[in-house]
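Work through the exercises below with the sequence and the coordinates open side by side. Each task sentence is followed by a solution that proceeds step by step.

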Amino acid sequence: MFELTQDQKNLQHTVREWAQAELAPRAYDLDKEAQFPTELYLRMNREIGVCAIPFKEEHGGVGLGVLEMSLAIEELARADQTFALSVMVAVATGLTLQTFGSDMQKAKYLPEIVAGRAVGSIAGTEPQAGSWTAGFTTRATKQTDGQWSITGEKAFITNSGADITAYNLICAVTSAPTDPKSKMSLFLVPAGTPGVTIGKSYDKLGWRSSDTHPIYLDGAKVGDEMMVGNEGDGRYIVHKTYQSARCFLSACALGLSQACLDHSIAYAKDRQAFGRTLGGLQLVQKMIADMAVKVETSRLLARQAAMKADQGTASILELAMAKYHCCEMSSEVADLALQVHGGFGFMNDCPISRYLRDTRITRIGDGSSQIQTMIIAKELGLDVTFT
Ligand SMILES: Cc1cc2nc3c(=O)[nH]c(=O)nc-3n(C[C@H](O)[C@H](O)[C@H](O)COP(=O)(O)OP(=O)(O)OC[C@H]3O[C@@H](n4cnc5c(N)ncnc54)[C@H](O)[C@@H]3O)c2cc1C
């Protein structure tokens, strides 16, 4: 079922070659510098056009699917998960526009995302509410001049303030304050819109070279034409975006897990202990075998979710299981890899310590592990409430 076609293998090979040659050797410095690597992002897209993979040809894309994009993300993450995440978010926002955007929005904003010359963000999370999306308070109010005025604060938003950020997709409440159930809408707010301030970049444990900022909105004005989808559909669209992003985040976690396994096997074959190689010690073999099983089960769930997403049959359960399993496993695999590397694994010179820091957030972002398990339990028919 999961045998890749020759074209898919070729794509995987192309991205792997590029990522191992151009990205992996820079990952240490990128983490230290903690700056989004714009030049590298532009170069990758000029040279191998990764961001174009899942978009329709009419927008400049290659017309492939979630599976091919996931294969590319996995290979990028095997070299540097942080870079893969930045690509993933840009592509996810573009796919949101491709699915829900108006003709004007697609014509104006999509080609640059597809060509990989711009990035965008999707801003749901607020300081007081992340998982609890019903708790968002950023509000868009229709003015007498017909414009929407948006006021509020978004927190931890990836790709929101890079020098090639073209827009932020802002989720805002548009129902009346008296409405018992708040309704949200999604607005495409171009970079540089008056009333929008991009806050200082966060100092993070991992994903240090991804571009993450708070966004402050103080009466930012946009017209009706900047609403993505229909009024009141914001939460639905954000949830849909998160669902397809679950395939990509699963691939991000899987790529890093594979890198941990690659490094651990190589280290165990080389390092001597007790008159033999580390890999000749049965307890080390057990750790590596456990890692391999975790990587393979992650791959099976990630591939199943991506393939079914392309066929339009991916269930909420399958997407949640893939995201939950791949992200939880990547922390476990990185931890085992550190154990295999011993004290060296704890040093910043060793990529494993960065892998452990980077992948930790995959269990929190895009629907935390707790939220995924609640979704899984609900899909299994248990009495779960999200409100
Ligand atoms: C580096 C980084 C990049 C990010 N990028 C983006 C982005 O681009 N766009 C965006 O919108 N957001 C982004 N986020 C935010 C991220 O999606 C949120 O952090 C995440 O959704 C969790 O929300 P929270 O931090 O408010 O935690 P909370 O929702 O406050 O949760 C805190 C803890 O409680 C648990 N919890 C919450 N509710 C329940 C419940 N009902 N039952 C059981 N446990 C529960 C959670 O699992 C978590 O462990 C990013 C965050 C980081 C750190």
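Strands, as the word is used here, are DSSP runs of E with at least two residues, numbered from the N terminus. The model is a predicted one.

**Exercise 1. Place Cys171 in the fold, and determine whether this residue is buried or exposed.**

Step 1. With that definition in hand, Cys171 can be assigned to strand β4, which covers residues 165–173.

Step 2. The relative accessibility of Cys171 is 2%, and because buried means under 20% relative accessible area, the residue counts as buried.

Step 3. Leaving out residues up to four places away in sequence, Cys171 touches Ala123, Gly124, Glu126, Phe136, Thr138, Lys154, Met184, Ser185, Leu186, Gly234 and Val238. One of these, Gly124, is 47 residues apart from Cys171 along the chain, yet the C-alpha atoms of the two are separated by 5.5 Å.

**Exercise 2. Describe the setting of Ser121: which strand holds it, and which residues does it touch?**

Step 1. Ser121 belongs to strand β1, residues 119–123.

Step 2. With a relative accessibility of 0%, Ser121 counts as buried.

Step 3. Beyond residues up to four places away in sequence, Ser121 touches Val89, Thr93, Ile157, Thr158, Asn159, Ser160, Tyr167, Asn168 and Leu169.

**Exercise 3. Establish how many disulfides the model contains, and examine Cys252 and Cys326.**

Step 1. A disulfide is a covalent bond between the sulfur atoms of two cysteines. The cut-off applied here is a pair of cysteine sulfur atoms within 2.5 Å, and by this rule the count comes to zero.

Step 2. For Cys252, the closest cysteine sulfur is that of Cys327, at 8.4 Å, which is too far for a bond. Cys252 has 0% relative accessibility and so counts as buried.

Step 3. Cys326, which lies in helix α8, likewise counts as buried, at 0% relative accessibility. Residues up to four places away in sequence aside, Cys326 touches Ser250, Ala253, Ser298 and Ala302.

**Exercise 4. Identify the largest nonpolar core, and state which helix gives the largest share of it.**

Step 1. In soluble globular proteins, nonpolar side chains tend to be buried together.

Step 2. The largest nonpolar core of this model has 112 residues, and those with the most contacts inside it are Leu23, Tyr41, Val50, Leu76, Val87, Ile150 and Phe187. Its largest share, 19 residues, is supplied by helix α4, which spans residues 66–100.

Step 3. Taking Ile150 as an example and setting aside its neighbours within four places in sequence, one finds contacts that include Ile170, Ala172, Phe187, Val189, Leu217 and Val222. Among the other contacts of Ile150 are Thr138, Arg139, Asp218 and Gly219.

**Exercise 5. Characterise two helix pairs, α1 with α3 and α8 with α10, by angle, axis distance, handedness and contacts.**

Step 1. Helix α1 (residues 6–23) packs against helix α3 (residues 38–48) at an angle of about 145°, their axes being 12 Å apart. The crossing of α1 and α3 is right-handed.

Step 2. On the α1 side the meeting residues are Thr14, Val15, Trp18, Glu22 and Leu23, and on the α3 side they are Leu40, Arg43, Met44, Glu47 and Ile48. By class, this contact consists of six nonpolar, one polar and three charged residues.

Step 3. Helix α8 (residues 316–345) and helix α10 (residues 369–379) pack at an angle of about 145°, with their axes 9 Å apart, and α8 crosses α10 in a left-handed sense. Their contact involves Ile316, Leu317, Ala320, Met321, Lys323, Tyr324 and Glu328 from α8, together with Ser369, Gln372, Thr373, Ile375, Ile376 and Glu379 from α10. These residues divide into seven nonpolar, three polar and three charged.

**Exercise 6. Locate Phe274 and Asp366 in their loops, and decide for each whether it is buried or exposed.**

Step 1. Phe274 is in the loop between β9 (272–273) and β10 (276–277). Although Phe274 is not a glycine, its phi is positive, about 55°.

Step 2. Phe274 has a relative accessibility of 79%, and therefore counts as exposed.

Step 3. Asp366 is in the loop between α9 (351–359) and α10, and its phi is also positive, near 60°. With a relative accessible area of 16%, Asp366 is buried.

Note on methods:
Residues are numbered from 1 along each chain as its sequence is written. This is a predicted model: local features need pLDDT of at least 70, side-chain atom pairs count only at pLDDT 80 or more; totals for chains, interfaces and linings use all residues. Side-chain values use heavy atoms; hydrogens and water are left out. A nonpolar core is a set of buried Ala, Val, Leu, Ile, Met, Phe, Trp, Tyr and Cys residues joined through side-chain atoms within 4.5 Å. Buried means under 20% relative accessible area, exposed over 50%, partly exposed in between (1.4 Å probe, protein chains only). Helices (H or I, at least four residues) and strands (E, at least two) are DSSP runs, numbered from the N terminus. Contact means heavy atoms within 4.5 Å. Axes are lines fitted to C-alpha atoms, for helices over the stretch in contact, and angles run from 0 to 180 degrees between N-to-C directions. A crossing is left-handed if the near helix is turned anticlockwise from the far one by less than a right angle, and right-handed if clockwise. Ala, Val, Leu, Ile, Met, Phe, Trp, Tyr, Cys and Pro count as nonpolar, Asp, Glu, Lys and Arg as charged, and the others, Gly among them, as polar.
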